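Work through the exercises below with the model open. Try each task before reading its solution.

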Amino acid sequence: MISNSVEKSSGIVQTVLGPVQVQELGVVLIREAILSVVPGAELAPEINIDENIIFEKLRCILNEYRQLGGRSIVDCGGMYQGRNLPLYRLLSKETGVHIVASTGLGAEPTVGAYFTTPPTMMLNPPRPLPVAYLADLFAKEVTEGIAVPRRERSGPAGIISIGASREGVTLFERQVYLAAARAALQTGASVSIQVGADVFNELDILESEGLPPSRVIVGGLDRINNDSKNKIVSVARRGAMITLDHSGWSQKEGYMSDLKRAELVLELCEKGLGEHVLVSSNSVGCAFGHEVPLVGFGHVLSTFIPILRQAGGTEDHVHILLEDNPQRLLAFDQVNVVETKS
């Protein structure tokens, strides 16, 4: 069964074009990446990052997603991994797809040295930026707008996206998790994490700052391992939001099949945990400096949802996975929203 204990979403959502009513979001993919650029890839002579080519490719991809019934996408790349607010704003205007941008920082190997050992702050010995500094950085991108380097602030972040290393949480990542929790409490934003080695430890860090687990979106738990199902159930029962966010990725890449994912969704709903489940694909629109699976933003709607229906899923299941749950997590009170410059 599907629990009815959670009320319908209300409030507004912070998109790159400014605030919209939460009901306008429609179908939402909660964890995707419009752009993904390995730091420094833009300097490689063999890589051509031409914004005109990128725009046309992304415009086609987003239009295809819209034609399938998709209405909104959350870009979880965070800061300085290819995030391009002027491009995102133009794409949203052109395609009619709501884009929710994110602030935050990923696992340490994906982040530049400015954050991990900042030379500008003269920390001795060199160490990550302080928690208070990072929390203020994240919070301002939600309340004042995302920083466009050397230009302005343009469009608020609508979510805080962070991640941990597969080997375990590093000192830097712990700082980021604490900062994300503080910024979330200050602004009302939700925190989306891509788990590393120990999801329970990562939730402990966030909760140590007072952030309730219901405001935490946990991705990366649909990896294949002997205890994945029990872990997912335990995290959902703790109150966190489970995102089965690698729909379309192959078992060779270490993730469960879409059929297993669909069966798990239905099992969680039968256990009364349907209000804690979301589905996404971690697809990347354009990637530079690394290879990504060719899944596409349309995969969830074109392939996974039919598999879910064949496994016994209903329209209520689809609605709660792709509309009710993500809309609730993205909703802000009016007081937290900044207007966006046109």
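The exercises cover two sheets, one helix, salt bridges, an aromatic pair and two backbone angles in this predicted model.

**Exercise 1. The four-stranded sheet**

Task: Find the strand order of the open sheet that holds β3, and state which strands stand at its edges.

Solution:
- Step 1. Trace the order. The four strands run β5-β4-β3-β14. Their pairing is parallel.
- Step 2. Pick out the edges. β5 (98-100) and β14 each have a single partner strand, so one side of each lacks a neighbour in the sheet.
- Step 3. Add the twist. From one strand to the next, it averages 25 degrees.
- Step 4. Zoom in on one pairing. Strand β3 (residues 27-37) is joined to strand β4 (residues 70-75) by four bridges. Within this pairing, Val28 has Ser72 of β4 as its bridge partner.

**Exercise 2. The six-stranded sheet**

Task: Give the order of the open sheet of six strands, and locate its edges.

Solution:
- Step 1. Read off the order: β6-β9-β10-β11-β12-β13, paired in parallel.
- Step 2. Look at the ends. β6 (102-103) and β13 each pair with a single strand, so each has one side without a neighbour in the sheet.
- Step 3. Check an inner pairing. Three bridges link strand β11 (residues 216-219) to β12, again in the parallel sense. Val218 is matched with Ile242 in β12.

**Exercise 3. Helix α8 and its surroundings**

Task: Compare the span of α8 with the expected span, then list what its buried residues pack against.

Solution:
- Step 1. Count residues. Helix α8 covers residues 258-270, which is 13 residues.
- Step 2. Compare spans. From first C-alpha to last, α8 reaches 18 Å, close to the 18 Å expected at 1.5 Å a residue.
- Step 3. Collect the buried positions. They are Asp258, Arg261, Ala262, Leu264, Val265, Leu266, Leu268 and Cys269.
- Step 4. Find their contacts. The helices are α7 (228-238), α9 (299-310) and α10 (315-330). The strands are β12 (241-244) and β13 (277-279).
- Step 5. Look just past the helix. Gly272 has a positive phi of about 80 degrees.

**Exercise 4. Salt bridges**

Task: Take the pairs Glu56 with Arg59, Asp204 with Arg238, and Lys271 with Glu267. For each, give the N to O distance and the accessibility of both partners.

Solution:
- Step 1. Set the cut-off. A side-chain nitrogen of Lys or Arg must lie within 4 Å of a carboxyl oxygen of Asp or Glu. The count comes to twelve salt bridges.
- Step 2. Treat Glu56 and Arg59. Their closest N and O atoms are 2.4 Å apart. The two are three residues apart in helix α1 (residues 51-67), so about one helical turn separates them. Glu56 is partly exposed at 35%, and Arg59 is partly exposed at 22%.
- Step 3. Treat Asp204 and Arg238. Their N to O distance is 2.6 Å. Asp204 sits in helix α6 (residues 199-207) and Arg238 in helix α7, so this pair ties together parts 34 residues apart in sequence. Asp204 is partly exposed at 42%. Arg238 is partly exposed at 28%.
- Step 4. Treat Lys271 and Glu267. The N to O distance is 3.9 Å. Lys271 has 40% relative accessibility, and Glu267 has 25%. Both count as partly exposed.
- Step 5. Look for shared partners. Asp204, Glu207 and Arg238 are joined into one network by salt bridges.

**Exercise 5. The aromatic pair**

Task: Classify the ring geometry of Trp249 and Tyr255.

Solution:
- Step 1. Count the pairs. There is one aromatic pair.
- Step 2. Test the centres. Trp249 and Tyr255 lie 5.3 Å apart, centre to centre. The cut-off is 6.5 Å.
- Step 3. Test the planes. They are 70 degrees apart, which makes the pair edge-to-face, because angles over 60 degrees fall in that class.
- Step 4. Check accessibility. Tyr255 is buried, at 5% relative accessible area.

**Exercise 6. A backbone angle to check**

Task: State what stands out in the phi of Asn282, and where Asn282 lies.

Solution:
- Step 1. Recall the background. Most residues other than glycine have a negative phi.
- Step 2. Read the angle. Asn282 is not a glycine, yet its phi is positive, at about 50 degrees.
- Step 3. Place the residue. Asn282 is in the loop between β13 and β14 (284-288).
- Step 4. Decide between buried and exposed. The cut-off for buried is under 20%. Asn282 has 19% relative accessibility, so it counts as buried.

Terms used: Residues numbered from 1 in each chain as written. Heavy atoms only, no water. Expected span 1.5 Å × (residues − 1). Buried < 20%, exposed > 50% of the residue type's maximum accessible area, 1.4 Å probe, protein only. Contact = heavy atoms within 4.5 Å. Pairing = 2+ DSSP bridges. Axes fitted to C-alpha atoms, helices over the stretch in contact; angles between N-to-C directions. Phe/Tyr/Trp six-rings, centres within 6.5 Å; stacked < 30°, edge-to-face > 60°.
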